[in-house]
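Reader: I would love a close look at one part of this model, with a little of its surroundings for context. Could you walk me through it?

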Amino acid sequence: MHERNPYKTPPDFELLAVKHPPLQPYIRKTKYGKGTLDFKNRKALRELTYALLWVDFQLRVEFPLDSLCPPVPNRLDYVLLIEDLVKKGAPARTTEQIPTIRGIDIGTGASCIYPLLACQRNVTWSMLALDIDERNITYATSNVERNKLQERILVKMNHPTKILSTKVLGKGVSYDFCMCNPPFYASEEQMKMLSEGKERPPFAICTGSSTEMITPGGETAFILRLVKESSKPRTRERIRWFTSLIGRREDVTVVTAELEGNGSEYHVFTLQQAKTVRWVIAWTFTVCHELESANPMGLDGQ
């Protein structure tokens, strides 16, 4: 977990419920008398997300039970990593200049959690939140408006086949980063097979709509498409850092092999929370040799 992530110390669920009473009905006692939650209960998980976002970040959100329920500590880790990245290799500024950071969230989902966290934490940031699902767009737009962040977060329908369409990105607009939590599975059959093949049942129930969980070719194919699009001259000049979450170690190898020789500098970071391990791949066509010594999370790649 990132060194600046406050959830390195797990939340006190009973205290959290005092500050956010709708969580109270889902609090259970362990055999040791400590407050906990039923992490297999969809409503309990959603209310936990609502509670953490409100109590710790003063963010109010709503999203359907059958959509992806974002774990706040995990999502915050990615945002913290992005904060570190955009500081590296940035143009020199005088002390009077306050940098305006522009980012893109690819597949923002119903919660719109990445743009909301990023902009709530960083007052000079703005985000373009993209999705291909009408319902997600509706909920994400409402969440942005509910938190009065519509001046800095633009929710927009993405192109159905192009990840970074020039038309969607806007004419003449440059960005400091893009981030993405791509759909993991290639099909419903694969999702069922991998779930049944796990040695131990998951700690928490897995929620998510088909557009959030499934894409042709799975996460590897999606990220490889992003790599290919990022290599185009018009795109590589407009976005300083391209990044994506990766769910499987073997997929990291495939993606880094694709990045070799395309003129980019790439880095791989490990995000670990309890027994869950994820990776973030980040690449740039602007050389940034100062990153390794400043990386707070441990560098896996090169």
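Reader: Let me start with one residue: is Ala274 buried or exposed?

Author: Happy to take you through it, bearing in mind that this is a predicted model. Ala274 has a relative accessible area of 73%, and because the cut-off for exposed is over 50%, Ala274 counts as exposed. You will find Ala274 in the loop between β8 (265–273) and β9 (276–284). Its backbone deserves a glance too: the phi of Ala274 is near 55°, a positive value in a residue other than glycine. For background, most residues other than glycine have a negative phi.

Cys112 makes a nice companion to look at. Cys112 also is not a glycine and has a positive phi, of about 60°. Cys112 sits in a loop as well, the one between β3 (101–106) and α4 (113–121). The surroundings are another matter: Cys112 has 0% relative accessibility and so counts as buried.

From Cys112 we can step to Ile153, which is in contact with Cys112 once neighbours within four places in sequence are set aside. On that basis, the contacts of Ile153 also include Pro115, Leu116, Cys119, Met127, Ala129 and Val144. Ile153 belongs to the largest nonpolar core, which has 55 residues, and together with Phe177 it touches the most other members. Helix α3 (residues 72–87) is the top contributor to this core, supplying nine residues. There is also a second, separate core of 27 residues, with Leu128, Leu164, Tyr175 and Ile281 among them.

Definitions and conventions
Residues are numbered from 1 along each chain as its sequence is written. This is a predicted model: local features need pLDDT of at least 70, side-chain atom pairs count only at pLDDT 80 or more; totals for chains, interfaces and linings use all residues. Side-chain values use heavy atoms; hydrogens and water are left out. A nonpolar core is a set of buried Ala, Val, Leu, Ile, Met, Phe, Trp, Tyr and Cys residues joined through side-chain atoms within 4.5 Å. Buried means under 20% relative accessible area, exposed over 50%, partly exposed in between (1.4 Å probe, protein chains only). Helices (H or I, at least four residues) and strands (E, at least two) are DSSP runs, numbered from the N terminus. Contact means heavy atoms within 4.5 Å.
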